[in-house]
Structures are given as C-alpha cells and as structure tokens.
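Student: Please take me through one helix packing in close detail. Set it in the context of the whole chain, too.

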Amino acid sequence: MEQDSSSFQTSQLGRLISRTAPPPKKRRRLESLSPTRLIVSSFLVVIVTGALLLMLPFATRNGITPVQAFFTATSATCVTGLVVLDTYQGFTLFGQTVVICLIQIGGLSLVTLASFFTLALRRRVGFRSMKLASESIGTSNVAEARGLLLVVMKLAAFFEGLGFLLLLPVFVPEYGAEGIFISIFLSISAFCNAGFDILGRTQSYVSLMGYASDWYVQGIIMFLIVAGGLGFLVWHDLGQWRKTHHLSIHTKVVLFCTILLIVGGTVGFAFLEWNNPATLGGMTAGDKIVNSMFQSISARTAGFNTIDLASMSSITKCMLCVLMFIGAAPGGTGGGIKVTTFSVILVTVASVVTGREDAQIFRRRIDKKTVYQALSIAMLSLGVVIFVTLVVFFNCGEVISPLDCLYEVVSAFGTVGCSVGVTGQMHPLALIITMITMFIGRVGPVSLAISLASQRREQGKFDILPEGKISVG
C-alpha cells in the first residue's frame, strides 16, 4: 500500500469524525496508517458512535443494554440486518433515525462519504486520499477514483430516491404521514442491502411478511437490492457502454453470475418449499414464484423475508447458506465472498480438471494474483464461519440446533440478516462473537488481516486488489 503523503491529505477523515484537529502526535500516527487500516478503523468509529447514540434514554422505548446497543450499531453499520430488538417496537423515532443513518454510512462507507464531501467543498484531495477513496469504492485505479466517487453518490441518490417515490403510494395510504418515513427507511435499507424494517406495529420481527401477496412492493425491494448488490463499478461500466460499446470482464462476470444465482436460487427455493404449508404451500402459483425469487435475491445479502424462515426445510436452509456465503458483487453494498471470487474459484477448478495451465473466463486469462486472492478469501471466510459456528453452538447449543447455528453465522458473515430466530436466543458471549463476525464480513477477511498486520509494508512491496475485484492478464 502507498505509505507516503502529506499530513493534510490523511487528516481529512479525522476532521470529519472530530470537530477538532488531532494533536501532532496523533496526526502523525494517522498518517502512518495504510488506507486499508483507515477504512477498517472508520467502521469501528461509526459503530462506537452509533452504539453510544442508541444508549441515550430517548433513543429507545424501554431501554437497551450496552451489548444490545453495540450489536444493533454493528448490524446497521455492517448492513447486516440481524436484530435483538425490533427496530420499530424497540426504538423511538430518534433511535430509528440513528439506525438508518448508520445503514447509509455503512452501506457507502464513511471514507466514501468523507472523500465525496471533501470534493464537493472543492478542497484539495491528494494522491493518498484518492488511494484511500479508491479502496473504499472497490477499484484499484486511483486515477478513476474522483469520477467514481461522484458516480457512487449519484447512483445512491438516484436509486434510493426512486425507491422512496415508488414506495410512497403503498405506505402513505396505509400509514398516513408516517408512511413517508417508512418509505425512506425501506428504500435506504433495501439499496444498502441492510434488511432493517420499521413495520413491526402489530408483530415484532415481521419484515415484509405482510406483503407476501404484494408483487409491487416485492418488485421494488428486489430491484433496490439488486441495484445495490451489483456494485458501483458495474453501474459505471454500464453507463459508459453507449460510448465504448464494451463491457469489462468484471462487469460480464458479475452480470452473468447474478442472473445465474437469482434464477438458480428461485428454482431451487420453489422446488424445495412448493408444498411446505408453513412457507409457500398455501400460496397461489404466482405468489410462490414471486416469493421464491424474493428469497433468492434477499438471501444474497439483503435480509428481508416474506415467509417464516424458521419453518423452512433443512435442505432449503443449506441452499440459502450457500447463497449467503457467495453474496453480492465487489464495490457494492452487499457482503459475502463476492460472486467474482466464487467465479474465479470455479474456473480455476475447471482449468485444473481440464489440464489447462491458466484459469480463463470469457476467453481471457485470469491474473494469478486474482486467483490467489480468491482462494485466500474463500479459505479465510470458511475458516471464520466454521470457527464461529462451533463457538456459538458451544455457547447456545442447549436451545439452538447445529444447522440453525450455521445458518445464523453465515447470515452474519455474509452481512445478510436473514434469521431463523436464533439471534434473539443468543447469550451475551455469542452476541459479541456474532458482532465480530458481522464486522469481518463487512470489511472483508483479507482487508482485516492486512489492517491487523504489525509489519509495516514498504511502498510498492505490498499491494492487493480490492476484495473480489477481477484482474485479467
């Protein structure tokens, strides 16, 4: 990672977090941090700030414990959606506003927002700051970072604004003026793939189960989930297509895998749950297909549900674990190991089986560095999931089955938020372990490993692509 830069460039994030400039020693310490470590640290700052705000007396209706506050702040900032308190029944309007702000900051990342507002104020942004911004939006091209920052903010504003306008006709007639805030909340939550909702007026943890027969609402939420999950790099590439008539390998892989996983997940879910009276069994054929598609899309990092997930069959839970582990695309608001990482591993295995020396995708050779990173991400992620599942089951095994433990842990790691009711039964230690898992899943296992490394890398001696980004040789 690039290590040398001016103190002005590296202090931008610090000035946005604190009203006063840090003392010289702290400023020099901030300058010595790598961009990856700064990004990881920014998430920690947001989580701690959010937890403290949620612990204020007027943020909750009936009080909250420190563990619950930190869990909620972590889940919102990491755009996961797992909750220990129903967002509507547990939090006041102030608390709900804090939650949605954490979701927005976590979905776009504090670094992205800080860099954008620095540009918007027309202040000088140097190379190190742009390097930091490029990593936060998932590109290794520092030269493109300035333009991509503007694209990220414009896309987020467009999709969230569009979702808000489309949801208004549904929720305003039903909830009156309160429907405006509900529409804003759901639009941001869906685009950021967070899975939080404030619909628990009559029943806690209800999510979108009251709209299982409403194709319009489900369609809007699915659209927003996919829009956020595709990644800003893909949208930027699609926006340039009319000029270039060319799509990058990264974009082609993301689009192909996204369509494949949506269709495959829809067919698999419908096949496995078609006659289950507790999920799809009592619906019409059309509702069964739409709800199957909704759960297929939501399981890949969003966390909304229109059916009772706890009533799914064991094999369906296993299938959704695979979708949650794969996740969305890099550079977006979703989690998981990323569809690109999954694709690289598949084509690498195929190249070994067929005897080819290099892994190829769309007739292009995949850079070996990308292959190594994909394998590292997959193995580290799998190790985290297995370890945390064992810890959670050991801590809560008397009330939770092994499969449900695995499901909840994969949901936390993939920053999905789909729950089978396990989170509410966890002991404090298991909640803390789950918090750490959500954090690892959001910042990425490789990024976290780099940020924790004690050895300082010399300039040019250590570089790594944004997690999941494809590079071809």
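Tutor: Start with the crossing of H19 and H20, which is right-handed. The model is a predicted one. H19 covers residues 368-396 and H20 covers residues 402-413. Their axes lie 9 Å apart, at an angle of about 135 degrees. Angles over 145 degrees count as roughly antiparallel, and 65 to 115 as roughly perpendicular. The pair fits neither range, so H19 and H20 are oblique to each other.

Now the residues that make the contact. H19 supplies Ser381, Val384, Val385, Val388, Thr389, Val392 and Phe393. From H20 come Pro402, Cys405, Leu406, Val409, Val410 and Phe413. By class, eleven of these residues are nonpolar and two are polar. No charged residue takes part in the contact of H19 with H20.

Next, the setting. The protein has 22 helices and two strands. It has 473 residues, and 58% of them are buried. Take contacts between residues at least 6 apart in sequence: 71% of them join residues at least 24 apart. The exposed surface is about 19900 Å², with 65% of it supplied by carbon and sulfur atoms.

One buried position elsewhere is worth a look. Ser187 sits in helix H11, residues 178-191. Its relative accessible area is 0%, and buried means under 20%, so Ser187 is buried. Beyond its neighbours within four places in sequence, Ser187 is in contact with Phe159, Glu160, Gly163, Phe164, Leu167 and Leu224.

Technical notes: Residues numbered from 1 in each chain as written. Predicted model: local features only at pLDDT ≥ 70, side-chain atom pairs only at ≥ 80, totals over all residues. Heavy atoms only, no water. Helix = DSSP H or I, 4+ residues; strand = E, 2+ residues; numbered from the N terminus. Buried < 20%, exposed > 50% of the residue type's maximum accessible area, 1.4 Å probe, protein only. Contact = heavy atoms within 4.5 Å. Areas by Shrake-Rupley, 256 points an atom, 1.4 Å probe, with all protein chains shown as cover. Axes fitted to C-alpha atoms, helices over the stretch in contact; angles between N-to-C directions. Parallel < 35°, antiparallel > 145°, perpendicular 65-115°, else oblique. Left-handed = near helix turned anticlockwise from the far one by under 90°. Nonpolar A, V, L, I, M, F, W, Y, C, P; charged D, E, K, R; others polar.
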